[in-house]
Amino acid sequence: MVKGDSTIPNITKPTELPYSPYTDTEPLIQQLDLSTNGGHKTWQEYAVGTHTSLLDATSSKETTITMQHDMANFLNN
């Protein structure tokens, strides 16, 4: 999840647009009982980047490297 992502908006306030009651990653995170504390059931929020940052370093090389590292760890564990 990238803060401010406009491809898949993370806006959960009905007074802000674009809004949908089905939007955001956080309701899914809560249902799956994930945490940011490490372990097997975790999620990661990236402060800088875009929806394509996993493969495209244009907005942040550091974020792309971190995402690729996190994805490799996910796939190998």
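Colleague: Where is Glu-26 found?
Modeller: This is a predicted model. In it, Glu-26 is found in helix H1.

Colleague: Is Glu-26 buried, partly exposed or exposed?
Modeller: Buried means under 20% relative accessible area, and exposed means over 50%. Glu-26 has 35% relative accessibility, so the residue counts as partly exposed.

Colleague: What distance separates the C-alpha atoms of Glu-26 and Trp-43?
Modeller: Along the chain, Glu-26 and Trp-43 are 17 residues apart. In space, their C-alpha atoms are separated by 9.8 Å.

Colleague: How many helices and strands does the chain have?
Modeller: H1 covers 26-31, and H2 covers residues 61-76. No strand is present. The count is two helices and zero strands.

Colleague: Which span should H2 have, at 1.5 Å a residue?
Modeller: H2 has 16 residues. The expected span is 1.5 Å times one less than the number of residues. The end C-alpha atoms of H2 are 23 Å apart, which agrees with an expected span of 22 Å.

Colleague: Which residues of H2 are buried, and what arc do they cover?
Modeller: The buried residues of H2 are Thr-63, Thr-64 and Met-67. They lie on the same side of H2, because their arc around the axis is only 95 degrees.

Colleague: Which residues are exposed on the other side of H2?
Modeller: Thr-63, Thr-64 and Met-67 are the buried residues of the helix. On the other side of H2, the exposed residues are Lys-61, Glu-62 and Asn-76.

Colleague: Is Ser-53 buried or exposed, and what is its relative accessible area?
Modeller: Ser-53 sits in the loop between H1 and H2. The cut-off for buried is under 20%. Ser-53 is buried, because its relative accessible area is 0%.

Colleague: Which residues is Ser-53 in contact with, leaving aside neighbours within four places in sequence?
Modeller: H2 has Thr-63, Thr-64 and Met-67 as its buried residues. Ser-53 is in contact with each of these. With neighbours within four places left aside, the full list is Ser-59, Thr-63, Thr-64 and Met-67.

Colleague: Is Phe-74 buried or exposed, and which nonpolar surface patch does this residue help make?
Modeller: Phe-74 is found in H2. At 60% relative accessibility, Phe-74 counts as exposed. The patch has an area of about 340 Å². Its residues are Met-71, Phe-74 and Leu-75.

Colleague: What percentage of the chain's residues count as buried?
Modeller: The accessible surface of the chain is about 6100 Å², with 55% belonging to carbon and sulfur atoms. Of the 77 residues, the share that counts as buried is 17%.

Terms used. Residues are numbered from 1 along each chain as its sequence is written. This is a predicted model: local features need pLDDT of at least 70, side-chain atom pairs count only at pLDDT 80 or more; totals for chains, interfaces and linings use all residues. Side-chain values use heavy atoms; hydrogens and water are left out. Patches are made of residues with over 30% relative accessible area and no salt bridge: like charges are joined within 9 Å, nonpolar side chains (Val, Leu, Ile, Met, Phe, Trp, Tyr) within 5 Å. Accessible areas come from the Shrake-Rupley method with a 1.4 Å probe; for residues, only the protein chains shown count as cover. A salt bridge is a side-chain nitrogen of Lys or Arg within 4 Å of a carboxyl oxygen of Asp or Glu. Helices (H or I, at least four residues) and strands (E, at least two) are DSSP runs, numbered from the N terminus. Buried means under 20% relative accessible area, exposed over 50%, partly exposed in between (1.4 Å probe, protein chains only). The arc is that of the directions from the helix axis to the C-beta atoms. Contact means heavy atoms within 4.5 Å.
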